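User: I'm new to reading protein models and would like a close look at one part of this one. Could you walk me through it slowly?

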Amino acid sequence: MSAESLNTRVAIQAIGPKRPRRVRETGVKWGSPAVYLVALVLVTVCITPVLYVIIGGFRTNSQITLDPSGFPTPWQIGNYGDVLASSEFWTAMLNSTISAVGTTAGAVVLGVMASYVLARYDFGGRGVMYALFAAGLMFPVTVAITPLYILIRNLGLVNSLAGIILPQIAFALPTTIIILVPFLRAIPKELEEAASIDGASRLGFFWRMVVPLSLPGVITVGILAFVGAWNGYILPLFILSDQGLFTLPLGVQNFASQYSVDTARVLAYTSLSMLPALVFFSLFERRIVGGLTGAVKG
């Protein structure tokens, strides 16, 4: 063996076998620009009307007439101050709060109970009952408003908050049950058997184990019921006639009819009316996504 080949072998052994070089990943992989363009367009379309209403409340009527799409020069806060100082706004705010809280409480309590029976018990007609609740998603309140009004009138609930809370609970139940049934069905039966051995009754197992384990879904359906009741317009329009019982959507309509020439103040009233729902939905957005994700996994 020559000295040159011997030196080459020694060098190879010292260096070791050649290993494949790792390719270092740098940066973040971005998706297709077309996807971001479409998303940007959709976000702009959704946000622009909201921003226009909010900013319009800081303008005067002359500014809106001269330049409808311009910014306030200068900014006026008197419109919002006048709306906040009016008793009509706070009365409508209180009525909307009572309606939304009552609807949320009823939908959550009844929805959890009905979902527990449909998810955990095997009885005849369970599939038909679940299908009926699922079919309720296809019938919005606008379709059933005429027979619903006749029923509420026969019950003597016209022109009362109870006349809008009870129907809103009924229309919120299909969504509530569709979301909660997978949560409750995913609870292991071994957990229920262990609780029964420990002496827990079915009702005790329901309150102590089922409700805490399904809390993400309960929060999700509660938020959806609250926002739906807060933004409800058609049902209060048909049921309520007393201005002292108007909710915020009806308050906006009534305010706009009274101050039709004061566009800036109407925009301020509208923005203040939708602000609580926007803040509430924004704060609990992750809860909603997490609850829906858990329902799909379940």
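Which helices do the buried residues of H7 pack against?

Analyst: Sure, let's take it step by step. One thing up front: this is a predicted model. For some background, the protein chain has 15 helices and zero strands. Of its 298 residues, 33% count as buried.

Now to your helix. H7 covers residues 145-154, and its buried residues are Ile145, Leu148 and Ile152. They sit on the same side of H7, because they cover an arc of only 60° around the axis. A bit of helix geometry helps here: an α-helix has 3.6 residues a turn, so residues three or four places apart point the same way. Flip to the other side of H7 and you'll find Thr146, Pro147 and Asn154, which are exposed.

So here's the reply to your question: the buried residues of H7 pack against helix H8 (162-185) and helix H12 (234-239). Between H7 and H8, have a look at glycine 156. This glycine comes just after H7 and takes a positive phi of about 75°.

Let's follow H8 onward, since H8 has another partner. The axes of H8 and helix H11 (residues 215-230) come within 9 Å and cross at roughly 160°. With an angle over 145 degrees, H8 therefore counts as roughly antiparallel to H11. The crossing of H8 past H11 is right-handed. On the H8 side, the contact is made by Gln168, Ala172, Thr175, Thr176, Ile179, Leu180 and Phe183. H11 brings Pro216, Gly217, Val218, Val221, Leu224, Ala225 and Ala229 to that contact. Sorted by class, the contact of H8 with H11 has 10 nonpolar residues, four polar ones and no charged ones.

For another example of helix packing, try H2 (residues 33-56) and H14 (residues 263-283). Their axes are 7 Å apart, and the packing angle is about 125°. That angle makes H2 oblique to H14. H2 passes H14 in a left-handed crossing. From H2, the residues involved are Val50, Val53, Ile54 and Gly56, and they meet Ala264, Leu267, Thr270, Ser271, Met274 and Leu278 in H14. By class, this contact of H2 with H14 has seven nonpolar, three polar and no charged residues.

Finally, zoom out to the whole chain. Among contacts with a separation of 6 or more, 72% are between residues 24 or more positions apart.

Technical notes: Residues are numbered from 1 along each chain as its sequence is written. This is a predicted model: local features need pLDDT of at least 70, side-chain atom pairs count only at pLDDT 80 or more; totals for chains, interfaces and linings use all residues. Side-chain values use heavy atoms; hydrogens and water are left out. Buried means under 20% relative accessible area, exposed over 50%, partly exposed in between (1.4 Å probe, protein chains only). Helices (H or I, at least four residues) and strands (E, at least two) are DSSP runs, numbered from the N terminus. The arc is that of the directions from the helix axis to the C-beta atoms. Contact means heavy atoms within 4.5 Å. Axes are lines fitted to C-alpha atoms, for helices over the stretch in contact, and angles run from 0 to 180 degrees between N-to-C directions. Angles under 35 degrees count as roughly parallel, over 145 as roughly antiparallel, 65 to 115 as roughly perpendicular and the rest as oblique. A crossing is left-handed if the near helix is turned anticlockwise from the far one by less than a right angle, and right-handed if clockwise. Ala, Val, Leu, Ile, Met, Phe, Trp, Tyr, Cys and Pro count as nonpolar, Asp, Glu, Lys and Arg as charged, and the others, Gly among them, as polar.
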